[in-house]
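Hello,

Here is the structure I said I would pass on. My notes on it follow below.

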Amino acid sequence: MKTTKPKTPPPTLPQDINIDVLEDTLSFYIRTVNLAVSRDLDERLEGLDVAKGTGKITTLLLVDDYPGIRPSVIAHLILKDRSAMGRLLDQMEGHGLIRREVSPEDNRAQQLFITEAGAALAVKIREIVPQQSRDFFSFIPEDEQKLVTDILKRAYRRIVGLS
């Protein structure tokens, strides 16, 4: 026998909603905050070749910091498969931010190098990203931000095998 809930009109305001089992799940809040942070960051990066999508900022900074880094190393750190990493590198190369070269040690492997335009963009990114994070999370006290960052950093390092 099917039970039915009483016929009441559905809520019309978000504050009148209970999000069921999601209310107490960390994964729900991480996904939701990720969407909001990504939208905010994309607004700040509008017009720059690293806006929209994931992995471009990390790739740009790693290529700038580690000339000759292999795409497979970056793919591992940003959780991209080979084909997704290839598409990301194609975009970045198309925008003139990086260049690929065949590794002199292994002609099957590529090495990545920053271009002049990529290096200039990396300088801008290093200013924008930390400021965006401070602004976005300004409602959370700094000591609590450090605690959450520490927890998420440990989770990230374990996920990518750096623990």
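**Contacts, fold and core**

In the protein chain, 53% of the contacts (heavy atoms within 4.5 Å) with a separation of 6 or more are between residues 24 or more positions apart.

This is a predicted model, in which local features need pLDDT of at least 70 and side-chain atom pairs count only at pLDDT 80 or more, while totals for chains, interfaces and linings use all residues. Residues are numbered from 1 along each chain as its sequence is written, and side-chain values use heavy atoms, with hydrogens and water left out.

The chain has six helices and two strands, taken as DSSP runs (H or I, at least four residues, for helices; E, at least two, for strands) and numbered from the N terminus. Their order is α-α-α-α-β-β-α-α.

The radius of gyration, over C-alpha atoms, is 21 Å; a compact globule of 163 residues would have one near 15 Å, by the rule of 2.2 Å times the number of residues to the power 0.38. The C-alpha trace spans about 70 × 40 × 35 Å along its principal axes.

Buried residues (under 20% relative accessible area, 1.4 Å probe, protein chains only) make up 26% of the 163.

The largest nonpolar core (buried Ala, Val, Leu, Ile, Met, Phe, Trp, Tyr and Cys joined through side-chain atoms within 4.5 Å) has 25 residues. Helix 2 (56-65), helix 3 (71-78), helix 4 (82-94), strand 2 (110-114) and helix 5 (116-136) each give two or more residues to this core. Val50, Leu60, Ile74 and Ile98 have the most contacts inside it. Leaving out residues up to four places away in sequence, Ile98 touches Val63, Leu89, Met92, Glu93, Leu112, Phe113, Ile114 and Thr115.

Regards

Terms used: Buried means under 20% relative accessible area, exposed over 50%, partly exposed in between (1.4 Å probe, protein chains only).
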